[in-house]
Amino acid sequence: MAKTILDVKKLSAGIADAEDAQILHEVSLKVKDGETHVLMGPNGAGKSTLAHTLMGNPAYEVLSGKITFAGEDITDYSADKRAKLGMFLSFQNPLEVPGLSMETFLRNAIREKTGQPLKIFSFKKELEAAMEVLQMDASYAARDLNVGFSGGEKKKAEILQLLMMKPKLAILDETDSGLDVDAVRTVSEGIREYQKNQQGALLIVTHSTRILDALHVDYTHILVKGHLMKTGDGSLVEEVNRHGFEKYIEEEVKKWETR
Amino acid sequence: MGDTVRDVDRSLYDFRYDEDDFYRIESGLTKDIVLRIAKEKNDPAWMRDFRLKSLEIYNRSQVPQWGPPIDGLDMDHIATYVRPNTGMKGSWDEVPDDIKNTFEKLGIPQAERESLAGVGAQYDSELVYHNLQKEVAEQGVIYTDLESALVGEYKDMVKEHFMKLVPPTDHKFAALHGAVWSGGSFVYVPKGVKVEIPLQSYFRLNAKGAGQFEHTLIIVDEGADLHFIEGCSAPKYNEANLHAGCVELYVRKNARLRYSTIENWSKNMYNLNTKRALVEEGARMEWISGSFGSHTSYLYPTTILKGDGGHCEFTGITFAGEGQNLDTGAKMIHVGKKTSSYINSKSISKSGGVSTYRSSIQIMKTAKGAKSSVDCASLMLDSRSRSDTIPAMDVRTSDADVGHEAKIGRISDEAVFYLMSRGISEAEARAMIVSGFASPVSKELPLEYAAEMNNLIKLEMENT
């Protein structure tokens with residue numbers, strides 16, 4: 001039986017150093033090895049906050065609750081420690097780092113993560129193969145990280161990092177936003193590659209469903225105003241597709257009123 | 001996130017040796033002292049007179065008032081001439097141990113073995129080592145200490161060019177230099193000769209409360225090509241030291257000169273250095289300049305684009321840490337038609353350090369069709385630090401193409417988090433961002449300097 005990789009228990013969180021800034025309210029969810037979870041919800045539901053809080057972004061603060069990853073309580077861990085344990089976050093808006101080439105960055109990241117010297121030859125081969133899956137021109141390896149990349153190229157670069165870093169759990173924050181149909185297909189291809197090669201778990205944060213068309217989904221969670229309203233199987237995606245979030249928003253309002 | 005960025009670790013440079021048996025002239029500046037320097041150095045008569053005239057100019061000129069304060073500098077307490085206890089050697093084996101060890105620690109003999117065509121090493125006021133590879137010498141390249149050049153085969157050439165680009169009347173410290181200069185290099189590359197590997201001079205100021213006033217004179221004749229590297233360092237003392245060097249570069253028709261320098265002085269150093277290049281028709285001048293150490297720096301390499309179609313590129317980086325006030329930049333004077341210049345400057349300030357970018361672009365009436373563009377970016381690592389940009393432009397033609405772009409920024413927390421989310425520690429993430437910021441400059445540096453620069457940045461980011 002698959003082991004639980006991520007266990008989020010009654011997590012409340014908000015913007016750090018700000019008053020009345022609570023965004024997440026007692027969110028609980030469990031992800032097992034190799035499972036694919038989808039987190040959906042309307043704009044402003046707190047999906048990105050959850051993704052960033054799980055990864056340890058210091059811009060957010062855990063107010064209560066607990067995050068366990070690969071059996072370790074990581075609630076107070078810094079982001080690099082979480083990454084070393086096997087967590088990965090694909091950013092909605094990847095940052096540009098002038099003067100740092102993508103390849104140098106990847107080499108450093110892999111070295112830091114594994115604590116081992118890098119085997120340059122196999123690294124190069126792997127990088128080439130991953131870039132081919134993502135239909136990225138080989139010249140991107142030498143370019144400064146995300147600098148001057150289009151929206152689509154940035155997202156592909158995120159998935160490239162995912163394939164190279166080989167995490168146990170990848171959180172994808174709105175990876176499909178701003179992508180055209182072809183780019184969504186290519187990115188999905190990359191994500192499938194990760195599922196296939198790594199048997200890696202996924203938590204896909206999205207408010208559309210395009211990226212899910214080609215992926216098998218095990219669980220779907222619906223987040224409204226920081227409350228996890230419903231957890232279902234893959235068919236919930238289909239339901240949301242047809243009816244939208246309206247029902248859950250109303251429910252959330254009621255829940256609030258009855259308190 | 002705490003401030004994990006510390007000052008540049010200078011411990012590598014902070015070793016020093018006694019100078020008990022060195023000849024050291026008493027502190028201060030008088031006619032008597034200048035005459036004694038002239039005598040010590042066996043100056044030709046014209047040079048002795050030149051020194052005295054420079055002293056007069058020094059005495060009547062004012063300390064510049066427009067830059068960082070230099071009140072801490074008291075000429076009555078600066079020894080202008082300290083001669084090490086050795087003559088100049090052509091082999092490291094003959095150089096006294098303490099001095100040789102100094103240069104060994106700085107990696108100079110190793111660099112010479114591995115990647116240089118010639119090396120000059122100056123200790124305090126005099127060159128202690130000089131060597132040029134045979135193949136390069138056979139091409140007719142002259143690379144010697146300036147004192148030898150003054151009386152040797154090229155003495156007329158030296159006299160004709162010495163302090164003509166930077167006359168003693170230029171400013172008070174140019175006058176001081178004219179009066180007490182000592183050491184430095186003379187390089188002449190004959191017509192059409194391409195020197196494939198770089199030449200390097202290294203200046204080390206070991207003595208406490210002393211000044212270093214080396215003079216570099218380089219003439220790259222028509223169609224010739226040279227890369228010259230200068231490195232400087234000094235250990236730290238509590239007393240102020242002064243560096244008022246002078247660099248004069250002549251780049252003849254269709255020649256090319258790349259002049260790379262890393263100034264890594266200790267933090268008691270007043271670095272008031274003057275560098276100037278004259279670029280003739282179709283010639284190309286490239287400055288690579290790194291300013292790390294010193295208490296206070298005034299440094300604005302100037303290029304006079306005299307001939308038509310001359311081109312100059314300046315690439316510079318300045319790193320100002322605690323207690324440092326580094327005022328750096330570049331000056332371009334366009335005289336010839338279709339001359340072009342490009343300035344790319346980066347500055348980093350931290351722990352209350354002040355870095356000022358100061359530049360001047362002058363397009364004269366004669367410079368029809370001139371082009372100039374300036375790109376300067378500053379990175380402040382904390383809120384106590386300061387970064388200023390003072391660009392001046394004086395354009396006297398109607399068809400000049402002049403552009404300026406300035407950016408001032410901080411390390412974004414989001415970018416640090418982004419790198420950390422890939423398993424990179426916070427200190428390493430910051431170091432990567434700073435190194436990345438500096439990379440347009442470091443990738444232009446000779447490899448060993450680029451590695452040193454990145455190591456310094458990295459070390460400092462990791463020290464908490």
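**Domain and chain interfaces in the predicted model**

Eight residues from domain 1 of chain A meet eight residues from domain 2 of chain A. The model is a predicted one, and the domain assignment behind this split puts 1-48 + 57-86 + 171-182 + 206-259 of chain A in domain 1 and 97-167 in domain 2. Taken over C-alpha atoms, the centres of the two domains sit 27 Å apart. Putting domain 1 of chain A and domain 2 of chain A together buries about 600 Å², with carbon and sulfur atoms giving 65% of that area.

As for charge pairing, one salt bridge is counted between domain 1 and domain 2 of chain A. Lys84(A) pairs up with Glu112(A) in a salt bridge, with 3.9 Å between the closest N and O atoms. Two residue pairs are also in polar contact across this domain interface, both at pLDDT 80 or more. On the domain 1 side, the residues touching domain 2 of chain A break down into three nonpolar, three polar and two charged.

Now to the interface between the chains. Here 20 residues of chain B and 30 residues of chain A take part in the contact. Between them, chain B and chain A bury about 1900 Å², and 68% of this falls on carbon and sulfur atoms. Within chain B, the residues that lose the most area to chain A are Phe417(B), Tyr418(B) and Arg422(B), which together make up 40% of what that side buries.

Arg422(B) turns up again in a salt bridge with Glu158(A), where the closest N and O atoms are 2.7 Å apart. One salt bridge is found across the interface of chain B and chain A, along with eight residue pairs in polar contact (both at pLDDT 80 or more). Two elements of chain B, α9 (413-420) and α10 (426-442), each give two or more residues to the side that touches chain A. Of these, α10(B) gives the most, with seven residues. By class, this side of chain B has ten nonpolar, six polar and four charged residues.

Elsewhere in chain B, Ser385(B) sits in the loop between β23 (371-380) and β24 (386-395). With a relative accessible area of 8%, Ser385(B) counts as buried, since the cut-off for that class is under 20%. The side chain of Ser385(B) reaches two backbone nitrogens: that of Ser351(B) at 3.1 Å and that of Gly352(B), also at 3.1 Å. Beyond its neighbours within four places in sequence, Ser385(B) is in contact with Ser349(B), Lys350(B), Ser351(B), Gly352(B), Gly353(B) and Met380(B).

Definitions and conventions. Residues numbered from 1 in each chain as written. Chains lettered and ligands numbered in written order. Predicted model: local features only at pLDDT ≥ 70, side-chain atom pairs only at ≥ 80, totals over all residues. Heavy atoms only, no water. Domains from an automatic or database assignment. Contact = heavy atoms within 4.5 Å. Buried area = accessible area lost by both parts, 1.4 Å probe. Salt bridge = Lys/Arg side-chain N within 4 Å of Asp/Glu carboxyl O. Polar contact = N/O pair within 3.5 Å; in protein donor to acceptor, adjacent residues only side chain to side chain. Nonpolar A, V, L, I, M, F, W, Y, C, P; charged D, E, K, R; others polar. Helix = DSSP H or I, 4+ residues; strand = E, 2+ residues; numbered from the N terminus. Buried < 20%, exposed > 50% of the residue type's maximum accessible area, 1.4 Å probe, protein only.
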